[in-house]
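Me: I have this structure open and would like to go through it piece by piece. Please start with whatever wording I need before we look at single residues.

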Amino acid sequence: MARSEAGRTDAEGGGEVGGIPRAGAETGGAEADGSAADAAGSDTADPEAARRAEAERREVAAFRQSLGLDHLVDVHTHFMPQQVLSKVWAYFDAAGPLVGRHWPIAYRMEEQRRVEVLRGFGVRAFTSMLYPHKPGMARWLNDWSADFAARTPDCLHTATFFAEPGALADVRRALGQGARVFKCHVQVGGFDPNDPHLDAVWRLLADEGVPVVTHCGSGPVPGAHTGPAPIAALLARHPRLRLVVAHLGMPEYEDFLDLAERHRDVMLDTTMAFTPFVESAAPFPRAALPRLAALQDRVLLGTDFPNIPYTYAAALTALRTADLGTPWLRAVCHDNATRLFSL
């Protein structure tokens, strides 16, 4: 099968659901009836949309300036082949079985416009998180991502893998193409991170010091291999692995804080954390905030852009509600990722 044909086949299902449990809660922020997308766009002829776009850029700029930052680094953003992304958006539009609630896509726009939106927000570097949901898909996604990184210099070249016999070859190929960060989606992939096909993959990535952003928490619903136990077993075998736990490990926040406290190379990203959309269903335990504060140098900004149901500015503002102080926010939104990726 030709690669383009494989891509069309692989686009027929799956998609990240963002780690959100239960239906019925208020979303907070902008609804994706086109308002957030229009507000962020730079090429719209609608004067009101242009006004909203400029207002949001100013809001994000004010957030940066309050931290003394010219730029942000976002380690959890999604860019994928359009046929794959369209399937992901369709899944959200249908309030898929794992989402179970209204989830408007805030930045539903063509690829280059999405890139321009992030640049307009002062995002210095971002990722192209993508993930296979079945065997035979990872290499095609990685080839697409290599091309995207080549034409998008501010993208941190991202790759992925699946638990299958060719996983090690796929990862070696991606590293050879220049991959700097990997995405492992245990929930969508439905595989055990301790699958024997992946043991050499984890060993190679640990040896190379390449970070792996991993959706391993049990939100929105538990999977066969989600939760802290499989990751604890993985880290017992590969303690030097630079693992970034997506969504702060939602909803098993404290269990993943335990792992980060025990393993100095384990990090967490803030994707969707503290937003009203999440807090209404899976609130971060306030008693655990001092522990999150103590991990100041190992928490990274993530947002899930463009697939969020509120504005980018709202995602940043939500981080303030943790009330962990300006040095913590500055480290999370810029310094930690800058150090991790030598930016």
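Reply: When I say helix or strand, I mean a DSSP run, with at least four residues (H or I) for a helix and at least two (E) for a strand, and the numbering goes from the N terminus. Please also keep in mind that this is a predicted model.

Me: Ok, so where is aspartate 323 in those terms?

Reply: Aspartate 323 sits in the loop between H14 and helix H15, which covers 326-340. Its phi is positive, about 55°, although aspartate 323 is not a glycine.

Me: Is aspartate 323 buried or exposed?

Reply: Aspartate 323 counts as exposed because its relative accessibility is 66%, and the cut-off for exposed is over 50%.

Me: Which other non-glycine residue has a positive phi of about 70°?

Reply: That is methionine 272, which is found in the loop between strand S8 (267-269) and helix H12 (276-279). Methionine 272 has 2% relative accessibility and therefore counts as buried. As background, most residues other than glycine have a negative phi, and most peptide bonds are trans.

Me: Where are there cis peptide bonds, then?

Reply: One cis bond joins methionine 250 and proline 251, with omega about 0°, and proline 251 lies in the loop between S7 and H11. Another joins phenylalanine 305 and proline 306, with omega about 5°, and proline 306 belongs to the loop between strand S9 (299-300) and helix H14 (312-320).

Me: Zooming out, how many helices and strands does the chain have?

Reply: The chain has 15 helices and nine strands, and of its 343 residues, 59% are buried. If you take the contacts with a separation of 6 or more, 80% of them are between residues 24 or more positions apart.

Me: Let's look at helices. How do the axes of H7 and H9 cross?

Reply: The axes of H7 and H9 come within 8 Å and cross at roughly 25°, which makes H7 roughly parallel to H9. The residues that meet are Ala167, Leu168, Val171, Arg172 and Leu175 in H7 and Ala200, Val201, Leu204, Leu205 and Glu208 in H9. By class, this contact has eight nonpolar, no polar and two charged residues.

Me: Which residues of helix H9 are buried?

Reply: In H9, which spans residues 199-208, the buried ones include Val201, Trp202, Leu204, Leu205 and Ala206. Their cover includes helix H7 (167-177), strands S5 (181-185), S6 (212-215) and S7 (243-245), and H10. Just after H9 comes glycine 209, whose phi is positive, near 70°.

Me: And how do H10 and H11 cross?

Reply: The axes of H10 (residues 228-237) and H11 (residues 253-262) come within 10 Å and cross at roughly 10°, which makes H10 roughly parallel to H11. On the H10 side the contact is made by Pro228, Ile231, Ala232 and Leu235, and on the H11 side by Asp255, Phe256 and Leu259. Those residues divide into six nonpolar, no polar and one charged.

Me: Switching to strands, what is the order in the open sheet of three strands?

Reply: The order is S1-S2-S3, with parallel pairing, and the edge strands are S1 (72-74) and S3 (155-156), each of which pairs on one side only. Strand S2 (residues 123-127) is joined to S3 by two bridges, and phenylalanine 126 stands opposite cysteine 155 in S3.

Me: You mentioned S5 earlier; why is it called largely enclosed?

Reply: Five of the five residues of S5 are buried, so the strand is largely enclosed by the rest of the structure. Val181, Lys183 and His185 are on one face, with Phe182 and Cys184 on the other, and both faces are covered. Three bridges join strand S4 (residues 158-160) to S5, and the two run parallel, with threonine 160 opposite lysine 183.

Me: Which residues does leucine 292 touch?

Reply: Leaving aside residues up to four places away in sequence, leucine 292 touches Leu248, Leu257, Phe274, Phe284, Val299, Leu324 and Trp328. Leucine 292 is in helix H13 (residues 289-294) and is buried, with a relative accessible area of 1%.

Me: Last one: where is arginine 101?

Reply: Arginine 101 is in the loop between helix H4 (82-93) and helix H5 (111-120), and it is buried, with a relative accessible area of 3%. A polar atom of the arginine 101 side chain lies 3.1 Å from the backbone oxygen of phenylalanine 277.

Notes: Residues numbered from 1 in each chain as written. Heavy atoms only, no water. Axes fitted to C-alpha atoms, helices over the stretch in contact; angles between N-to-C directions. Parallel < 35°, antiparallel > 145°, perpendicular 65-115°, else oblique. Contact = heavy atoms within 4.5 Å. Nonpolar A, V, L, I, M, F, W, Y, C, P; charged D, E, K, R; others polar. Buried < 20%, exposed > 50% of the residue type's maximum accessible area, 1.4 Å probe, protein only. Polar contact = N/O pair within 3.5 Å; in protein donor to acceptor, adjacent residues only side chain to side chain. Pairing = 2+ DSSP bridges.
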